[in-house]
Amino acid sequence: MKYAVQRYGSWEWLDLDAPLRTDGPEWALSTWGAMTATLTPEQAQQTALDGRPVFEEWGTLIHAETGDTADRRRWTGIVARSEVKGASHELRIVEFPGYSDGVPVDALIRGTGTDPAVLLRAVWQAIQAYPNSWLNVDVLGETPVRLGTDLDDKAAIAHAVMVARKETLDALQGARQETTAELQDLTNTLGDEVAAARAQVVAAQSSLNGLFATDAPQGQIDDAKSTLTARQAALTALETTYQAETAAGRWAVQNAASTVEAARVAHDEAKEAYQAAAELAKEQGGAYEIRPEDLTDAAKAIADLVRSSGIEWTTAVDYSEGPPQCYIRVHYPRAGTRRDDLIFEQGENVISELNPVREGSEYANSGYGIGAGEGPDAVRATIENPSPRLRRPVTVEDRSLHRVDQLQARLRAEVERLDGEPYVSQITVIDHDYAPIGSWQVGDIITVTGQVPHLGAYRKPHRIISWKYQGETRAELRLAPAR
């Protein structure tokens with residue numbers, strides 16, 4: 001395999017056949033591969049025509065290529081670290097998706113009923129949006145999966161209605177209080193006027209009675225009668241006004257009270273609707289969001305998206321003379337196929353020992369999950385994995401998860417990891433007619449057979465989760481249980 005060295009940005013070729021000693025490029029499932037290269041100090045200190053180091057951290061691309069055909073480019077990586085290791089110099093080269101590690105997503109990515117492939121594409125668009133960040137990465141594929149609901153949008157609308165009705169209720173209650181105060185003021189004012197008029201009538205009547213008692217002249221009696229009559233008329237007019245205006249005031253207060261009660265009923269209905277919508281959004285999840293204020297690491301955002309949706313992704317590159325042509329291919333439900341046409345047999349093409357391992361120290365076939373929130377308001381989920389064994393639950397706490405579906409996906413992965421079945425985690429194979437080097441892909445399910453010390457014959461299906469090309473005659477495969 002040849003290694004072509006290219007400057008990022010200018011896309012200048014620095015070396016078309018660099019003398020790198022490597023452990024081989026790696027392809028991985030739903031993550032990026034890596035490669036270690038060893039140089040002499042003299043080679044590591046080379047500078048390019050632009051005056052910068054040939055092997056510059058985050059400034060140099062390394063392309064692994066074979067043959068001279070149009071599809072000769074196999075793998076594209078970035079020099080992520082260059083450091084002295086003893087008497088030699090070592091390069092840490094990450095496959096192009098590794099650029100996402102440590103890059104925050106500062107754009108809003110939001111989905112309601114959205115294909116996770118679309119969301120993954122949006123993440124990569126955000127990653128490459130800044131100057132000196134474009135790697136010509138395209139996300140290919142689509143899935144029938146849909147992430148996110150509009151339930152939180154509906155809850156937000158219900159909340160806005162509740163708030164608006166509360167504002168209306170408060171305003172009407174204030175108006176009712178003003179109307180009540182006005183009625184009280186009116187009652188007090190007119191009541192005082194009526195009381196004063198009534199006192200004047202009493203005084204006029206008393207004066208008239210005194211004149212009668214003293215047999216006063218008729219003229220004085222007539223004048224006193226006129227005064228009494230006038231004051232009685234004035235009292236009657238004030239009493240009529242009092243009755244009319246206070247009756248109108250009481251009606252206004254009653255009407256205000258009725259309006260307030262109707263507004264209170266409307267507010268209570270809106271509050272109940274909001275609480276129900278909020279609870280439903282909490283249970284079933286709302287929009288799938290990656291929020292800019294969280295500055296979520298892009299690699300973590302991608303991993304969370306994969307875990308939440310069940311999608312997988314693999315990488316591919318095409319040969320190009322200028323900028324790289326890099327692809328992320330989305331797969332659902334799984335990448336790869338069952339490869340019954342390939343044989344992986346110890347003593348034939350498998351040259352490593354078979355050493356089965358198991359994940360974790362405890363077996364689990366069910367789980368409880370606790371996400372964001374406190375106490376009874378925390379996001380919670382459960383999962384049960386059908387099994388004839390006794391139920392053994394595991395508890396997972398992840399306060400970064402705000403939706404039930406995210407927590408369920410996290411639980412599902414943990415329960416699968418702790419299923420207790422031993423498996424072979426790694427094998428080294430040589431080129432063979434049973435399985436020529438590179439005849440498989442990440443995600444493929446293969447059957448590994450051989451002998452396990454103290455256990456005897458071993459034959460189980462495994463899934464390829466990554467593999468390293470170690471030359472035309474040798475490869476290293478990292479495996480996981482096939483589920």
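This is a short briefing on the cores, sheets, aromatic contacts and loop residues of the structure above.

The model is predicted, so to speak of local features takes pLDDT of at least 70, side-chain atom pairs count only at pLDDT 80 or more, and totals for chains, interfaces and linings use all residues. Residues are numbered from 1 along each chain as its sequence is written, and side-chain values use heavy atoms, with hydrogens and water left out. Helices (H or I, at least four residues) and strands (E, at least two) are DSSP runs, numbered from the N terminus.

**Nonpolar cores**

- A nonpolar core here is a set of buried Ala, Val, Leu, Ile, Met, Phe, Trp, Tyr and Cys residues joined through side-chain atoms within 4.5 Å. Buried means under 20% relative accessible area, exposed means over 50%, and partly exposed is in between (1.4 Å probe, protein chains only).
- The largest core holds 43 residues, and Phe344, Ile427, Trp440, Trp467 and Leu477 have the most contacts inside it. Strand β24 (residues 456–469) gives the most to this core, with four residues.
- A second, separate core has 35 residues, including Leu120, Tyr288, Ala298 and Ile311.
- Contact means heavy atoms within 4.5 Å. Leaving aside residues up to four places away in sequence, Trp440 touches Arg339, Leu342, Phe344, Val429, Ala435, Ile464, Trp467, Ala475 and Leu477.

**Strand pairing**

- Two strands count as paired if DSSP finds at least two bridges between them.
- β24 and β25 run antiparallel and are joined by seven bridges; one match across the pair is His462 with its bridge partner Pro481 in β25.
- These two strands, β24 and β25, make a hairpin with four residues between them, and Gly471 in the turn has a positive phi of about 115°.
- β25 (residues 474–481) is also joined to β22 (residues 426–430), by five bridges in the antiparallel sense. Here Ile427 stands opposite Leu477 in β25.
- Elsewhere, seven strands form an open sheet with antiparallel pairing, in the order β2-β1-β6-β7-β8-β5-β3. β2 (13–15) and β3 (21–22) stand at the edges with a single partner strand each, so one side of each is left without a neighbour in the sheet.
- For β2, the antiparallel pairing with β1 (residues 2–7) runs over two bridges, and Val5 has Asp15 in β2 as its bridge partner.

**Aromatic rings and charges**

- A pair of aromatic rings is described by the distance of the centres and the angle of the planes. Rings of Phe, Tyr and Trp (its six-membered ring) pair if their centres lie within 6.5 Å; planes under 30 degrees apart count as stacked, over 60 as edge-to-face and the rest as tilted.
- That rule gives seven aromatic pairs. Trp27, Phe344, Trp440, Trp467 and Tyr469 are linked by ring pairs into a cluster.
- A charge sits over a ring if NZ of Lys or CZ of Arg is within 6 Å of the ring centre and within 35 degrees of the ring normal. Arg72 lies over the face of Tyr319, at 3.7 Å from the ring centre, and Arg389 lies over the face of Tyr363, at 4.3 Å from the ring centre.

**Around Asn365 and Gly420**

- Asn365 is in the loop between β17 (356–357) and β18 (366–370), and with 3% relative accessibility Asn365 counts as buried.
- The side chains of Asn365 and Tyr363 share a polar contact of 3.3 Å. That term means a pair of N or O atoms within 3.5 Å; within protein, one must be able to donate a hydrogen and the other to accept it, and residues adjacent in sequence count only if both atoms are side-chain atoms.
- Not counting residues up to four places away in sequence, the residues that Asn365 touches include Glu384, Arg389 and Val415.
- Gly420 sits in the loop between α6 (404–417) and β21 (423–424) and counts as buried at 14% relative accessibility. With residues up to four places away in sequence set aside, Gly420 touches Arg358 and Tyr363.

**Backbone oddities**

- Tyr332 and Pro333 are joined by a cis peptide bond, with omega about 0°; Pro333 is in the loop between β15 (325–331) and β16 (344–345).
- Ser30 is not a glycine, yet its phi is positive, near 60°. Ser30 is partly exposed, with a relative accessible area of 22%.
- Asp215 has a positive phi of about 55° without being a glycine. In the loop between α3 (151–213) and α4 (218–284), Asp215 is exposed, with a relative accessible area of 69%.
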